[in-house]
Amino acid sequence: MMSHGFSPARCRFILLFAGLFSLAVLPLCARTEPDARDYYVQGMEELSHDNPYASVDAFRSALRLNPAYADAYLGMASALFQLMEYAEAAKVVDEARKYAGESRELALLEARILTALRRYDEAAALYGKLLKKRPHDAEANRGLAEIYALTGQSELAEEWFGLALRQSPGDRRSLLQLALLYDEERNMEKGDAAIQEALRIFPDNPEVRIRAAEHYALYNQWETASMHLSRARSMLPMEDKRRYRVELLDAELALENGAPSVALGILQQLSQTSGNLNNPALLYLMARAYRDLNEEELAQQACARLLRMNSEDEITRMFREEFLFLTAGGFQKDRREAAGWHLARGRRYEENFYYRRAYDAYRRARLVAKDDAQAWLAYTSLLRKMGFTEHYKDSLRTALMDIPSSHPDYPVLKRRLSLLEHSKSDSLEKKWNINDAWTVPRSAWKAGVYVYKRGHSLPEHTGSQKTLALYFSDILDSNAYLDTGTLQAGRGPAVEYVDSFSEAFRKSRGKDDYFILLSFAETPRTFSVSCELYLSRSGKLVGRFEELRTGQGRVVDALYAVSESVSSLVPLSMGIIAVEGNELLLDKGRWHGVEQGEEWIVLRQGSARPSLAEGGIDYADDNYLGSVTITDVSEPVSTGLYKRQGDFNFLKKGDMAYFLPVPEELTVQEPAADPAFRSRLLSIP
């Protein structure tokens with residue numbers, strides 16, 4: 001009988017073989033989970049596909065497994081840089097230094113981060129150290145070119161980009177940044193050359209095609225721009241996140257080209273294929289397309305949806321209200337919602353004693369819904385609280401004209417006005433026989449407001465430059481010493497797009513006293529505005545201002561800060577509207593900041609011109625007529641005693657008074673990088 005058992009020796013052999021096999025297989029089984037290196041590779045792959053969010057997650061996983069992984073720290077910093085989180089990227093670089101030492105890669109990345117943080121001297125010093133070790137380091141030379149470009153030294157930037165390209169011919173980033181530099185200067189010929197060279201070397205690179213589309217769109221070459229977008233689309237697989245960016249850009253180009261129906265079709269198709277119906281950038285473009293198609297109800301719905309997603313989306317709110325401000329009647333539900341938001345904001349300001357900001361909030365509430373009784377009640381009550389009784393009475397009269405008499409709050413406002421009308425009337429109005437001092441024509445410097453149409457500096461609110469400029473102009477227009485003009489329809493301030501300084505200068509010369517150039521930029525957490533104030537007569541720069549804000553209310557806060565800076569450089573002026581002996585009636589009062597006892601100089605009408613001189617005006621000596629000391633001040637107007645210069649009295653109605661405070665040394669800020677240009681230059685991969 002045959003035995004099916006194994007001999008002891010054969011059993012030992014089988015056990016030994018099984019043990020060796022299990023040891024060989026064990027590492028393979030252990031590798032079912034990714035290690036730190038796998039996560040690092042994944043992070044770099046996501047970074048190369050313009051997906052910094054996923055790359056941050058991958059690098060974080062790599063560092064969790066290996067906290068001393070220097071390359072993962074550098075990858076994390078690069079991803080944060082791509083997200084424009086420069087301060088956080090700097091912190092990661094500091095951590096990486098423990099493990100990466102003084103490596104070239106660390107120094108290059110740190111220098112770029114310092115450049116983005118506007119710590120230009122520190123960044124230049126790092127590049128200098130690298131160039132001492134390797135004089136032909138193309139990346140270090142490119143870094144210096146970035147600094148020159150961002151500090152307004154265009155010729156040096158062009159020279160250093162050229163040097164970097166000679167050392168590393170065909171460097172994609174240098175070519176694209178050089179093209180952007182030329183586009184910033186509106187040098188189409190040189191920009192074309194740089195873009196064409198990039199296309200020659202990288203014909204199948206989608207990023208180059210996208211940048212080419214942006215370049216040609218800047219010069220209204222829509223067909224060429226669309227062709228490059230189509231090529232970029234064909235190179236990207238459906239799952240590539242950059243396709244979404246390409247489609248949004250295609251819709252934006254259609255809007256700029258005056259084809260809102262085409263843009264809307266692209267956006268609707270994109271929302272269906274992506275399944276993402278709540279992308280803010282997509283919804284904002286949809287709102288713009290609906291408005292351009294005169295489908296305002298749908299535009300308001302898109303804006304309302306965006307504001308439900310994020311009630312602090314200030315730019316969408318401005319865009320929504322822009323139509324409501326510039327039109328009368330209709331859209332009552334939207335007007336009530338808009339007014340209600342400003343009322344709530346105004347009450348918070350008022351509770352915290354920010355009366356000026358509360359006043360502006362209530363003012364916008366009543367402008368967007370002129371028959372809203374709650375807006376008028378809040379607005380007039382605040383004027384009384386601020387101590388402006390005359391303005392309070394005048395506003396009550398206006399409210400009773402706007403609010404239907406059937407409204408429950410109408411009798412309340414009427415009773416308040418009645419009590420005031422039985423009180424003592426304004427002595428200056430009675431003395432000078434003025435029916436309504438608030439309607440007296442007031443003199444003001446004329447200021448043209450222009451905005452650069454800077455492509456993709458507002459990624460979530462593309463094309464909103466004019467909306468922001470209108471809001472800024474409205475804030476500035478509340479300054480009685482400046483007149484920013486009105487639209488032809490007579491509602492709202494006038495704002496124009498321009499491509500260059502020279503275009504704004506040409507349009508404003510002979511028409512305005514000043515002109516203002518604006519540009520804007522946003523990231524997911526920041527908003528910045530750059531503003532330049534020029535003399536229209538000579539094109540000389542009066543002042544340059546840049547404000548960057550974070551957190552809630554950052555857009556409005558930045559716009560207010562810049563408007564205050566502009567207002568501070570404009571000379572205060574009053575027109576003489578009546579003369580009786582040596583007593584003058586002037587067109588501004590306590591509401592405009594005029595105080596009793598002030599001394600103003602008096603000049604012939606039309607003789608003063610804004611300038612960079614001390615006090616902000618230029619005039620010939622023979623146009624100086626004397627001075628006026630303010631003796632009595634009401635809210636809308638004031639009076640003063642005139643002291644003539646010389647033996648003869650040449651004063652007449654229409655001459656001007658100017659307040660010249662103790663002059664301070666006039667300083668102009670050093671040229672700073674336009675925030676939109678900085679964000680675009682540093683975002684090129």
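**Exercise 1. Work out how much area is buried between domain 1 and domain 3, and which residues of domain 1 supply most of it.**

Start with the total: domain 1 and domain 3 bury about 570 Å² between them, and carbon and sulfur atoms give 56% of that. Buried area here is the accessible area (1.4 Å probe) that two parts lose on being put together, summed over both. Next, split up domain 1's share: Phe-388, Glu-390 and His-391 supply 74% of the area that domain 1 buries against domain 3, more than any other three residues.

Before going on, a word on the model: it is predicted, so local features need pLDDT of at least 70 and side-chain atom pairs count only at pLDDT 80 or more, while totals for chains, interfaces and linings use all residues. Residues are numbered from 1 along each chain as its sequence is written, and side-chain values use heavy atoms, with hydrogens and water left out.

**Exercise 2. Place the domains along the chain, then describe how domain 1 and domain 3 meet.**

First, the bounds, which come from an automatic or database domain assignment: domain 1 is 328–422, domain 2 is 445–570 and domain 3 is 573–658. Now take the centres over C-alpha atoms; those of domain 1 and domain 3 are 34 Å apart. Then count contacts (heavy atoms within 4.5 Å): 8 residues of domain 1 touch 5 residues of domain 3. Last, look for salt bridges (a side-chain nitrogen of Lys or Arg within 4 Å of a carboxyl oxygen of Asp or Glu). Between domain 1 and domain 3 you get 0.

**Exercise 3. Check whether helix H18 has the expected or an unexpected span, and find out how many of its residues are buried.**

Helices are DSSP runs (H or I, at least four residues), numbered from the N terminus. The expected span is 1.5 Å times one less than the number of residues. For the 13 residues of H18 (residues 314–326) that gives 18 Å, and the end C-alpha atoms are 18 Å apart, so the two agree. On to burial: buried means under 20% relative accessible area, exposed over 50%, partly exposed in between (1.4 Å probe, protein chains only). Of the 13 residues of H18, 10 are buried, so the helix is largely enclosed by the rest of the structure. Among them are Ile-315, Met-318, Phe-319, Leu-324 and Phe-325, but also Glu-314, Arg-317, Arg-320 and Glu-321.

**Exercise 4. Take three salt bridges and say where their partners sit.**

The whole structure holds 42 salt bridges.

- Step one: Glu-110 and Arg-97 pair at 3.0 Å, N to O. Glu-110 is in helix H6 (residues 104–116) and Arg-97 in helix H5 (residues 86–100), 13 residues apart. Glu-110 is buried at 16% relative accessibility, whereas Arg-97 is partly exposed at 26%.
- Step two: Asp-171 and Arg-142 pair at 2.7 Å, N to O. Asp-171 lies in the loop between helix H9 (154–167) and helix H10 (172–184), and Arg-142 in helix H8 (residues 138–150), so the pair ties together parts 29 residues apart in sequence. Both Asp-171 and Arg-142 are buried.
- Step three: Arg-211 and Glu-214 pair at 3.8 Å, N to O. They are 3 residues apart in helix H12 (residues 206–218), about one helical turn. Both Arg-211 and Glu-214 are buried. Finally, shared partners join Arg-104, Asp-137, Glu-139, Arg-142 and Asp-171 into one network of salt bridges.

Notes:
Helix = DSSP H or I, 4+ residues; strand = E, 2+ residues; numbered from the N terminus.
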